[in-house]
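Good morning, and thank you for making time for this item. I would ask you to keep the sequence and the coordinates in view while I speak.

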Amino acid sequence: VERFRATFVFCLPALWQFVTEEQTRNPRDVSSLRVIFIGGDSVSPSLQKRSREIIGGEIQEAYGMTETLPIAYGRKGAVRPGSMGKPPYGCDLRIVNVDGRDVATGETGEILVHSPTNCVGYWNDPVSTRAAIDDEGWLHTGDLGLRDLDGYYWFKGRLKQIIIRAGSNISPQEVEEAMYRHPAVLEVGVAGAPHSIYGEVVAAFVVLREGLSAGEAEIRAFCGQYLADYKLPERIVFLDALPKGLTGKVDRRALKEMLPPAAGV
């Protein structure tokens with residue numbers, strides 16, 4: 001950006017987190033940037049805030065998947081922080097419940113997409129194709145989201161990543177967003193930890209900012225301002241870095257493998 005006066009950047013949240021931290025330590029001239037487009041995972045409110053303060057401008061979030069092009073994104077000048085924006089022309093989205101029926105505005109359900117950019121199926125895998133694409137051409141994303149009154153869509157996590165504690169559903173993303181508000185938290189990943197009584201409880205893996213400190217009790221009490229008691233992390237593990245996949249997303253499966261066997265009385 002500084003050398004070539006780039007005006008547009010498109011990257012993953014994990015990369016932009018590092019860019020923002022580097023700009024804090026070693027400021028560069030990034031005044032040429034006009035568009036900051038981020039996709040591949042949700043952008044935490046704390047990263048949104050730090051990016052505005054340190055780099056300037058607004059982050060435009062985008063949502064998509066390998067099976068289709070971006071199906072929702074924030075428009076410059078009409079960004080709603082935390083939202084993945086609105087679908088482009090020619091792309092239709094639905095939010096449905098477990099029975100496949102549309103839910104009311106503001107309610108969470110699975111995101112379905114009907115778009116000319118949808119894939120036609122999985123190569124030599126008709127079983128997976130039928131499971132993902134219904135007879136009307138709707139692609140079932142496996143992601144949870146909601147649509148607000150103004151038509152903005154909000155990502156609420158993956159169906160397979162939902163933590164079920166004693167029958168109550170907990171979105172890892174909701175817990176992560178609360179933890180990211182703590183000034184000492186640089187990165188966080190949340191996963192379900194096995195429990196002999198509740199089935200699962202919330203476990204959080206935290207990377208602290210350099211030069212700052214915080215303990216389990218402090219972070220848990222801080223999160224209590226934003227989360228119901230049953231959503232609070234019952235285990236907090238501090239790491240030097242979070243395991244990530246090739247796309248830069250936190251590898252929740254790897255996090256779960258770090259956990260000890262089921263706890264309980």
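I shall discuss a sheet and its helices, then a pocket, then a residue in a loop.

Please bear in mind that this is a predicted model.

Let me begin with the sheet. Three strands make up an open sheet with mixed pairing, and their order is E11-E12-E13. Which strands stand at the edges? They are E11, residues 185–195, and E13, residues 235–238. Each of these has a single partner strand, so one side of each is left without a neighbour in the sheet. On average, and ignoring direction, neighbouring strands of the sheet are turned by 25° against each other.

Strand E12 covers residues 199–208 and runs parallel to E13, with 4 bridges joining the two. Within that pairing, Phe 205 has Val 237 of E13 as its bridge partner.

Two helices pack on this sheet. Helix H4, residues 172–180, touches E11, E12 and E13, and its direction makes about 140° with that of E11. Helix H5, residues 216–223, touches E11 and E13, and its direction makes about 125° with that of E13.

Allow me to look at helix H5 through one of its residues, Ile 219. Is Ile 219 buried or exposed? Its relative accessibility is 0%, so Ile 219 counts as buried. Leaving aside residues up to four places away in sequence, Ile 219 touches Met 179, His 182, Val 185, Ala 214, Ile 236 and Phe 238. For His 182, the C-alpha to C-alpha distance to Ile 219 is 7.3 Å, although 37 residues separate the two in sequence.

I turn now to the second largest pocket, whose volume is about 450 Å³. Its lining consists of 22 residues, and those nearest its centre are Phe 155, Lys 156, Ser 171, Gln 173 and Glu 174. Which elements supply at least two residues each to this lining? These are helix H2 (45–54), strand E8 (153–158), strand E10 (168–170) and H4. Helix H4 therefore has a part in two places: the lining of this pocket and the packing on the sheet, where H4 touches E11, E12 and E13. By character, the lining divides into 9 nonpolar, 7 polar and 6 charged residues.

Finally, consider Ser 32, placed in the loop between helix H1 (13–25) and strand E2 (35–38). With a relative accessible area of 13%, Ser 32 falls under the 20% limit and so is buried. Beyond residues up to four places away in sequence, Ser 32 touches Val 1, Arg 5, Ala 6 and Thr 7.

Thank you for your attention.

Terms used:
Residues are numbered from 1 along each chain as its sequence is written. This is a predicted model: local features need pLDDT of at least 70, side-chain atom pairs count only at pLDDT 80 or more; totals for chains, interfaces and linings use all residues. Side-chain values use heavy atoms; hydrogens and water are left out. Two strands pair if DSSP finds at least two bridges between them. Axes are lines fitted to C-alpha atoms, for helices over the stretch in contact, and angles run from 0 to 180 degrees between N-to-C directions. Contact means heavy atoms within 4.5 Å. On a 1 Å grid over the protein atoms alone, a cavity is a set of points where a 1.4 Å probe fits but cannot get out, and a pocket is an open set with protein on both sides within 12 Å along at least five of seven lines; lining residues have an atom within 4 Å of a point. Grid points are joined across faces, edges and corners, and a volume is the space filled by probe spheres set on the points. Ala, Val, Leu, Ile, Met, Phe, Trp, Tyr, Cys and Pro count as nonpolar, Asp, Glu, Lys and Arg as charged, and the others, Gly among them, as polar. Buried means under 20% relative accessible area, exposed over 50%, partly exposed in between (1.4 Å probe, protein chains only).
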